[in-house]
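Dear colleague,

I am handing over the structure we spoke about, and I would be glad if you could look through it alongside the notes below.

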Amino acid sequence: MAPSEVPNADLHCHSTVSDGTLAPEALAARARANGVQLWALTDHDEVGGLHRAAAAAAREGLDFLTGVEISVTFAGETVHIVGLGFDADDAGIVDGLRATRGGRGRRAQEMSDGLARAGIRGAYEGALKFVGNPELISRTHFARFLVETGVCRDTPEVFRKYLTEGRPGYVPHRWAALGDAVRWITGAGGVAVIAHPGRYRFSPTEEYALCTEFKTHGGRGVEVVTGSHTPSEYGKYADMALEFDLAASRGSDFHSPEESRIDLGKLPPLSDSLTPVWTLLEHRIQRAR
Ligand code: AMP
Ligand code: MN
Ligand code: MN
Ligand code: MN
């Protein structure tokens, strides 16, 4: 891929190292089969899959950026910050992410207790069967258990009925601070990106605060075209990128062939009016050839 061409970039997806169902190698093969040219693996709060992903990308002929999706608490909501093109062995980001992962085990036990009070037994052990990384038990793994046991038809139904605020399996959790997450990424040479802004239940004032504080901490990008946005949101968040002078990212947020609506590489292109985030990262791309 020559640097001047517009690549089919997919800069957001998950492997078995967090809550995806495919190994990094299988994701790389699927990305290539779907026409992806520039790929990043962005597991939740974990960089443990990146060396495998980089090696697989090289074998598949994909240009590669390191990635991560960090869980942050901002204005009482969980916000996700994607990091791209950082040094995956940098001690600051590795230690910060380890601390972020730390509360997941206890939270999962409490989620299981809440589900037991609603009559669903054995959810912790059931969810664990779907976990690829013992430090990264997530709500997605509980959702898979509740689908497997026939309690719900699909994972969106599980989240609606059991795993969101006010529901029996929901446990509030305090994640990383916004400034820390951005600094772990930038301190390791990467670019920080606000993930799927359309997913947050923010007022316009809170959304403005997120963008301005994110920029103050050194954040430089926002996801515009993502599997988590509707087509009308592509336009809305393109406007946000232009208003706040943020580079734009594109990524499917692919988790699983069975669960994900949008496959790797299967998204519309970014509008020409936007600055693609990878143009800030030319020096960090691991080129296949
Ligand atoms: P956690 O980090 O444990 O809070 O889990 C968050 C993950 O749950 C997200 O990354 C998504 O993969 C998944 N998720 C969140 N909301 C939904 C939903 N409404 N439907 C399906 N999956 C969801
Ligand atoms: Mn996820
Ligand atoms: Mn996310
Ligand atoms: Mn994601």
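What follows is a short account of a sheet, the elements packed around it and a metal site.

Please keep in mind throughout that this is a predicted model.

The sheet is open and built from five strands in the order 4-5-6-7-8, with mixed pairing. Its edges are taken by strand 4 (67-74) and strand 8 (247-251), and because each of these has a single partner strand, one side of each is left without a neighbour in the sheet. From one strand to the next the twist averages 40°.

At the strand 8 edge, the partner is strand 7 (residues 221-226), which runs parallel to strand 8 and is joined to it by five bridges. Two of the pairings can be picked out by residue: E223 stands opposite S249, while T226 has G251 as its bridge partner. The connection between these strands passes through helix 10 (residues 231-243), and strand 7, helix 10 and strand 8 together make a right-handed β-α-β unit.

Although strand 8 stands at an edge of the sheet, five of its five residues are buried, so the strand is largely enclosed by the rest of the structure. This holds for both of its faces, since A247, S249 and G251 point one way and A248 and R250 the other way, and all are buried.

Helix 9 (residues 204-216) lies across strand 4, strand 5 (77-84), strand 6 (191-194) and strand 7, and its direction makes an angle of about 175° with strand 6. Within the range of this helix is C211, which has a relative accessible area of 1% and is therefore buried, the cut-off being under 20%. C13 likewise counts as buried, at 0% relative accessibility. The count of disulfides comes to zero.

The metal site to examine is that of the manganese ion (ligand 4), whose protein donors are H12 (NE2), H14 (NE2), E69 (OE) and D253 (OD), lying 2.1 to 2.2 Å from the ion. Along the chain these donors follow the spacing H-x1-H-x54-E-x183-D. The site thus links distant parts of the chain, with E69 in strand 4 and D253 in the segment after strand 8, 184 residues apart. Both of these acidic donors count as buried, E69 at 1% relative accessibility and D253 at 9%. A further manganese ion (ligand 2) is 4.6 Å from the manganese ion (ligand 4).

With best regards

Key
Residues are numbered from 1 along each chain as its sequence is written. Chains are lettered from A and ligands numbered from 1 in the order in which they are written. This is a predicted model: local features need pLDDT of at least 70, side-chain atom pairs count only at pLDDT 80 or more; totals for chains, interfaces and linings use all residues. Side-chain values use heavy atoms; hydrogens and water are left out. Two strands pair if DSSP finds at least two bridges between them. Helices (H or I, at least four residues) and strands (E, at least two) are DSSP runs, numbered from the N terminus. Axes are lines fitted to C-alpha atoms, for helices over the stretch in contact, and angles run from 0 to 180 degrees between N-to-C directions. Contact means heavy atoms within 4.5 Å. A disulfide is a pair of cysteine sulfur atoms within 2.5 Å. Buried means under 20% relative accessible area, exposed over 50%, partly exposed in between (1.4 Å probe, protein chains only). Donors are N, O and S atoms within 2.8 Å of the metal (3.2 Å for Na, K and Ca); water is not among the atoms, so sites may look incomplete. A crossover is right-handed if, with the strands pointing away from the viewer, the path from the first strand over the helix to the second runs clockwise.
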